[in-house]
Amino acid sequence: MLNDLLREVTYETIVTTMNSLPNAAAIGIMLVDDTIQMKVFAGTNTYSNVKRNGRFAINFVNEDQLDLLTKAALTGHNSKEREFPDERYLYDEGIPHLAQIKNYLLCEIEQSSEKQIEDKIGRCNVLKIIAKILKCVVGEDISPIIMKENPLVEALIHATRYGISKGKVKLDYRKKVKYYLDSAVDNKKINENIEMIAAIKKYIDLED
């Protein structure tokens, strides 16, 4: 699988981690040489889990699994709400991964550094991670999602920013989400992903 992945290209994936319960989050990752690089925001369950035990799985979502990516992205932000029930997870070397996703990597942090960043939402701490790959599992042909190539994925990413912003910034993100949803219609992706689009619209309070 690693030979099929482009280097220094951001893939939108589901990262699964473990505390007392498994957790799933939509996170962009990049393969640089033979390491995984990603950023995790402070205050999230993923941040707490990787800081605690340093191990995680990267689940590569194919185009026909955007419903799973949507669930991971829009559910359970710093709350007890579960993205997926226990029976949707399997375990490999004690690391949870999603049973429906056949292509995944088991990873362990090799280097990490924390820094404060500022964007239009405000200031926050980010954990920058370089991880080594412990195991690569390929269960089917891989066609992972590259960020910026699918307007529905762009809408989903901006919806997550909408969820943590306020005031004018929140309205700006809402407009961006609507723009990408409209772009998805133009690209004829709407019929294949009706449930995903409905979930995003509900999340940003967008009426049909």
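## Starting at the front end

Strands here are DSSP runs of at least two residues, numbered from the N terminus. Keep in mind that this is a predicted model. With that in hand, look for Glu 8: you'll find it in the segment before strand E1, which covers residues 10-18. Glu 8 is exposed, and its relative accessible area comes out at 57%.

## Residues with a positive phi

Most residues other than glycine have a negative phi. Glu 8 isn't a glycine, yet its phi is positive, at about 55°.

Asp 33 is another one to look up: its phi is near 55°, again a positive value in a residue other than glycine. Asp 33 sits in the loop that links strand E2 (22-32) to strand E3 (35-41). How accessible is Asp 33, in relative terms? The figure is 60%, and since anything over 50% is called exposed, Asp 33 counts as exposed.

## Helix H5 and its two sides

Now jump to helix H5, residues 194-203. Which residues of H5 are buried? They are Met 196, Ile 197 and Ile 200. If you look down the axis of H5, these buried residues fall within an arc of 95°, so they line one face of the helix.

Turn to the face of H5 that points away from the buried side, and you meet the exposed residues Ile 194, Glu 195 and Lys 202. Asp 205 follows H5, and its phi is positive too, near 55°.

## A negative patch

Glu 195 from H5 turns up again on the surface, in a negative patch. Its partners there are Asp 4, Glu 63, Asp 64, Asp 67, Glu 140, Asp 141 and Glu 149.

Take Glu 140 as one member of the patch. Glu 140 lies in the loop between strand E8 (122-137) and helix H3 (151-163). With a relative accessible area of 33%, Glu 140 is partly exposed.

## Two pairs across the chain

Lys 120 belongs to the loop between strand E7 (104-119) and E8. Is Lys 120 buried or partly exposed? At a relative accessible area of 40%, Lys 120 is partly exposed. Along the chain, Lys 120 and Ser 165 are 45 residues apart, while their C-alpha atoms are separated by 8.7 Å.

For the other pair, go to Gly 167 in helix H4, which spans residues 167-186. Gly 167 counts as partly exposed, at 49% relative accessibility. Gly 167 and Ala 42 are 125 residues apart in sequence, and 22 Å apart in space from C-alpha to C-alpha.

Key: Residues numbered from 1 in each chain as written. Predicted model: local features only at pLDDT ≥ 70, side-chain atom pairs only at ≥ 80, totals over all residues. Heavy atoms only, no water. Buried < 20%, exposed > 50% of the residue type's maximum accessible area, 1.4 Å probe, protein only. Helix = DSSP H or I, 4+ residues; strand = E, 2+ residues; numbered from the N terminus. Arc of directions from axis to C-beta. Patch = residues over 30% accessible without salt bridge, like charges linked within 9 Å, V, L, I, M, F, W, Y side chains within 5 Å. Areas by Shrake-Rupley, 256 points an atom, 1.4 Å probe, with all protein chains shown as cover. Salt bridge = Lys/Arg side-chain N within 4 Å of Asp/Glu carboxyl O. Lys, Arg positive; Asp, Glu negative; His and termini not counted. Charge placed at Lys NZ, Arg CZ, Asp CG, Glu CD.
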